[in-house]
Amino acid sequence: MDQTMRTYICTGCGIGECVNADRIAELAQSEFQLTANVSHFLCGPEGVEFLKRDLAENGAQRAVIAACSERVNWDVFSRDNLGVELVERVNIREQVAWSKPPNDEETQALAEDYFRMGVNKAQNTTIPPRREEPQAQTLLVVGGGITGMTAALQAAAAGSEVVLVEKQDQLGGWMRQLYKLYPRKTPYQALETPDVDAVIRQVQDHPKIRVITSAEITAIAGEPGAFDVALQAQGQGVSLQVGSVILATGWEPFDATKLEDLGFGRSPNVITNVMMEATAKSGKLLRPSDGRPVQSVVFVQKARPAEQGWFSYAATVRDMIALKQALYVREFAPEAQVYIIYEDMVTLGLYESFYRRVQQEPNVFLTKGAVTEVAASDDGSVLLTVEDTLIGGGLQVKADLVVLAAGMVPTTGGSELLRLRYRQGSEIPATTRGFTTSNYICFPYETRRTALYAAGAVREPMDIVACTEDATGAALKAIQSIQLVSIGAATHPRVGDLSYPKIFLQRCTRCQRCMEECPFSVIEPNAEGYPTVNPDRCRRCGVCMGACPVQVISFDNYSVTQLSSMVSSISVPEDGEKLRIVAFACENDSYPAFDMAGINRLPFDVSVRVIPVRCAGSVNAVLMTDALSRGVDGVMVFGCKSGDDYQCHFITGSGLAVRRLTNVRETVTRLMMEPERIRPVQLEIADYNLIPQLVQEFAEELKQMGPNPYKGF
Ligand code: SF4
Ligand code: SF4
């Protein structure tokens, strides 16, 4: 009997009333020669004490625990808590007892299959070592505006050494160019004077911050914990080694020449909100065409469709700016009439108080309406036609000055900011409309390049308050990344994972698919075209493993062999009436959705064996065809939503999975089977209630197709 691995079966939480735990224990002994213990309530204090004692007394370093999902009680059953090198959890609660009919032969078969899978998985796992190597601890902040300065100050306050690089000859960015700020704190009534000089002094005086101005990055090579940065600053070359990078290069104004339909370029008295700021900063507000005092000013807050390259979500910033600049007019030309014409007025949260305050200001009129025509008159004034107003009809407004709300465009658009020496490109890939965040929902600050974080308006239009909060968040992420990398561990979303892809080069065909499909540009070709891994750039998604046509990429704790052993754990009845379906489910959303279905006691088809995978993109084609050639009737691959507004935690992983299925289906056809036996599904966790129906529909279709002809071979 193998005593290095011990197995345990819990009968608590209704498991014992649903399946026969003793039969699973017998299976452990007969099929795997492993000792199995059946206990009630393993997660309770007595259960945990029993586990620790039993493992220690037998000198076992590996435990397979069949109980609840690994997504719960993870601290109770952690390897640290139990004092072993590996704990494999087998989910017979959410996936069996809570979602399948009790005391049924098919339910028992399901529990036994899951148990076999757990043991096989544990037997095919090697423990990745923890690395202890000195890494560069310094943090590089690119951009010396309010976001970059705040990130530098926060990181320095936490004890990090920081290098702050700015392309201009002084710090401060846009904040130096602002006349006033809209209120940043309760009661949100009075404009504030920018305090940027005080922030600049703090940065310059901080002993842990080195400021380099008039600087341009000429190259960044290497990987997290060991980035080699080359700069040109004031005609000199500078070399740095840093552990992580924060990109805080901010925004630039939307190209106003594209606002011709609103009069820009047709009259000098039509300006943008950025130009208005400069006008106020100059200390006087005069009509640009002839220098006469202004008697009427119109702010145009026109909504534009995002497809035309506009940023509808800039509204919250630009509307607050219009409210602020209306008060500039009150200050410089108290007699002037001010109109703010908006289609949607967005003032987030307590900023609403400022909106109300401006609304009550004499001579300021806020009007909902769409500006449809802007005509310049010979006398220098501008005539605006407004339709769809709240009072129903249209109106015409004559203005001495028109201020257009322009959007905030991220500086990433075409500029060379970081000059990365990465195979997949020299800049951080941008998502929709040029912003660099890799996943808006789950990972703000993260980009598609590991340990390179984005903060402030470079990742979404935001104001100074939001930028400072963002900078703090990014600084903490950058510090955390350096700490994780120093032990060889992954950052989000597989935080702490010590494995990394290993490539068996003797069988590599140099197809370079792994280099192309890795979402994080981890793998680079060497001089002979063979792949070389930069391990600390890796997020451990396994997309490369899914891509490799000859299956030579694996991890110590995740491999095609391991997944294949789990598929072969499934007992396929020769009786064609009993279906078997394998569902590879992404561990980020889909597998939790299956658990949610169980937690909500939503019954779903007992023929499905759910196998958690790191990403749908990590499922190698061979796993699907193997499953079918073993007699499994159908394969489902569950991933996150792909496309421009993707939710995939590994960016392109789920999209690649769908794309690759075309090839798999061709192979299935060659096996003389219906390609529809492979089914991709995109599912978010909130859609867990769809699982019973999705599975049921697939099962019905498989029944129509008839049993897999390979059954019994
Ligand atoms: S595991 Fe993911 S991030 Fe790492 S090399 Fe493979 S594809 Fe790239
Ligand atoms: S995908 Fe596989 S075969 Fe192709 S280059 Fe990468 S490791 Fe080699």
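In what sense do strand E29 and E30 pair, and over how many bridges? In this predicted model, strand E29, residues 634–639, pairs with E30 in the parallel sense, and the pairing runs over five bridges. Within that region, methionine 636 stands opposite arginine 679 of E30.

Allow me to place this pair in its sheet. The sheet is open and has four strands, in the order E28-E27-E29-E30, with parallel pairing. Strand E28, residues 608–613, and strand E30, residues 678–682, each have a single partner strand and stand at the edges, so one side of each is left without a neighbour in the sheet. From one strand to the next, the twist averages 20°.

Two helices deserve mention here. Helix H16, residues 590–599, packs on the sheet and touches strand E27, residues 581–586, as well as E28 and E29. The direction of H16 makes about 115° with that of E27. Helix H18, residues 653–670, also packs on the sheet, where it touches E29 and E30. The direction of H18 makes about 170° with that of E30.

I turn now to a helix pair. Helix H7, residues 146–157, packs against helix H8, residues 196–205, at an angle of about 40°, and their axes lie 10 Å apart. That angle makes H7 oblique to H8. The crossing of H7 past H8 is left-handed. On the H7 side, the contact is made by Ile146, Met149 and Leu153; H8 contributes Val196, Val199, Ile200, Gln202 and Val203. By class, this contact of H7 with H8 comprises seven nonpolar residues, one polar residue and no charged residues.

Terms used:
Residues are numbered from 1 along each chain as its sequence is written. Chains are lettered from A and ligands numbered from 1 in the order in which they are written. This is a predicted model: local features need pLDDT of at least 70, side-chain atom pairs count only at pLDDT 80 or more; totals for chains, interfaces and linings use all residues. Side-chain values use heavy atoms; hydrogens and water are left out. Axes are lines fitted to C-alpha atoms, for helices over the stretch in contact, and angles run from 0 to 180 degrees between N-to-C directions. Angles under 35 degrees count as roughly parallel, over 145 as roughly antiparallel, 65 to 115 as roughly perpendicular and the rest as oblique. A crossing is left-handed if the near helix is turned anticlockwise from the far one by less than a right angle, and right-handed if clockwise. Contact means heavy atoms within 4.5 Å. Ala, Val, Leu, Ile, Met, Phe, Trp, Tyr, Cys and Pro count as nonpolar, Asp, Glu, Lys and Arg as charged, and the others, Gly among them, as polar. Two strands pair if DSSP finds at least two bridges between them.
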